[in-house]
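Me: Could you take one part of this model and walk me through it closely, setting it in its surroundings as you go? I would like a connected account that I can follow with the structure open beside me.

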Amino acid sequence: MATGIRNTLLILIAMTFIACPQVRVSHVEGFPHEAFQAAEKQIASISQAHPNRKGEATEMHLLVFDGDGGDLVRISMPLTVVEWGVDLAKNNVDSDDFDGQLNPLEHMSPKELRKLGPGLLVQVDDEEEGSHVLIWLS
């Protein structure tokens, strides 16, 4: 029995490190052209490797620049983490609130994202506020 518990713990620890999202926040002066060009190049490469979004996505990537504060945020996470987060929110947030403003995936479940396939998901350029957002799947 102790061996089974130990093996289960080892598997859970390994899964935690494998499914761990990567989050980097930095402060930049001016618009981070290089970061967005690198992301756009990665998205183009993904699109070329997966024409017509064929294949299943496994990761979500976000690149966000807040023009007012100068913060650049980069997040990469397995879609499994997105699925866990949505499930956790569904179980812990009032359903009316979750189905409204609190659900960023209101019109698409994480499982549907996976089937959507790799490629660009969202691009927002708010010139007025100087904010830019790229979200893509790989």
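**The loop after helix 2 and the sheet beyond**

Reply: Arg 53 is found in the loop that runs between helix 2 and strand 2, and I will start from there and follow the chain into the sheet. The model is a predicted one, and some words on confidence are therefore in order, because predicted coordinates should not be read in detail where pLDDT is low. The protein averages a pLDDT of 78, with 67% of the residues scoring at least 70. Confidence is highest in helix 2 (residues 33-49), at a mean of 95, and lowest in helix 4 (residues 95-99), at 51.

Arg 53 has a phi near 60°, a positive value in a residue other than glycine. Asn 52 is found in this loop between helix 2 and strand 2 as well, and its phi, too, is near 60° and positive without the residue being a glycine. In accessibility, Asn 52 reaches 70% and therefore counts as exposed, the cut-off being over 50%. Arg 53, at 24% relative accessibility, counts as partly exposed, because that value falls between the limit for buried residues, under 20%, and the limit for exposed ones.

To place the loop, it helps to step back to the whole chain. The protein has five helices and five strands, and along the sequence they follow the pattern α-β-α-β-β-α-α-α-β-β. The five strands form an open sheet in the order 1-3-2-5-4, and the pairing is antiparallel. Strand 1 and strand 4 (119-126) are the edge strands, each pairing on one side only. Direction ignored, neighbouring strands of this sheet are turned by 5° against each other on average. Helix 2, at one end of our loop, packs on the sheet, where it touches strand 2 (59-66), strand 3, strand 4 and strand 5 (131-137), and its direction makes about 25° with that of strand 5.

At the other end of the loop comes strand 2, and two residues in it deserve a closer look. His 61 has its place in strand 2, and at 6% relative accessibility it counts as buried, since that lies under 20%. Beyond its neighbours within four places in sequence, His 61 is in contact with Gln 42, Ile 75, Ser 76, Leu 134, Ile 135, Trp 136 and Ser 138. With Ser 138 there is also a polar contact from side chain to side chain, at 2.7 Å.

Leu 62 likewise has its place in strand 2. Neighbours within four places set aside, the contacts of Leu 62 are with Val 73, Arg 74, Ile 75, Met 77, Leu 134, Ile 135 and Trp 136. One of these partners, Leu 134, sits 72 residues away along the chain, although the two C-alpha atoms are separated by 5.7 Å. Such long-range links fit a count over the whole protein: among contacts between residues at least 6 apart in sequence, 66% join residues at least 24 apart.

From Leu 62 the path leads across to Val 73, which lies in strand 3. Val 73 is partly exposed, because its relative accessible area of 22% is not under the 20% that burial requires. Apart from neighbours within four places in sequence, Val 73 is in contact with Leu 62, Leu 63 and Val 64, and also with Arg 24 and Val 25. Val 73 and Arg 24 are 49 residues apart in sequence, and their C-alpha atoms are 5.8 Å apart in space.

That last contact brings us to strand 1, an edge of the sheet. Strand 1 and strand 3 (residues 71-78) pair in the antiparallel sense over six bridges. Within this pairing, Val 23 stands opposite Ile 75 in strand 3, while His 27 stands opposite Asp 71 in strand 3. Of the six residues of strand 1 (residues 22-27), the number buried is zero, so this strand lies largely in the open.

For the protein as a whole, buried residues make up 28% of the 138 residues. The accessible surface comes to about 9400 Å², of which 56% belongs to carbon and sulfur atoms.

Conventions: Residues numbered from 1 in each chain as written. Predicted model: local features only at pLDDT ≥ 70, side-chain atom pairs only at ≥ 80, totals over all residues. Heavy atoms only, no water. pLDDT = per-residue confidence, 0-100. Helix = DSSP H or I, 4+ residues; strand = E, 2+ residues; numbered from the N terminus. Buried < 20%, exposed > 50% of the residue type's maximum accessible area, 1.4 Å probe, protein only. Pairing = 2+ DSSP bridges. Axes fitted to C-alpha atoms, helices over the stretch in contact; angles between N-to-C directions. Contact = heavy atoms within 4.5 Å. Areas by Shrake-Rupley, 256 points an atom, 1.4 Å probe, with all protein chains shown as cover. Polar contact = N/O pair within 3.5 Å; in protein donor to acceptor, adjacent residues only side chain to side chain.
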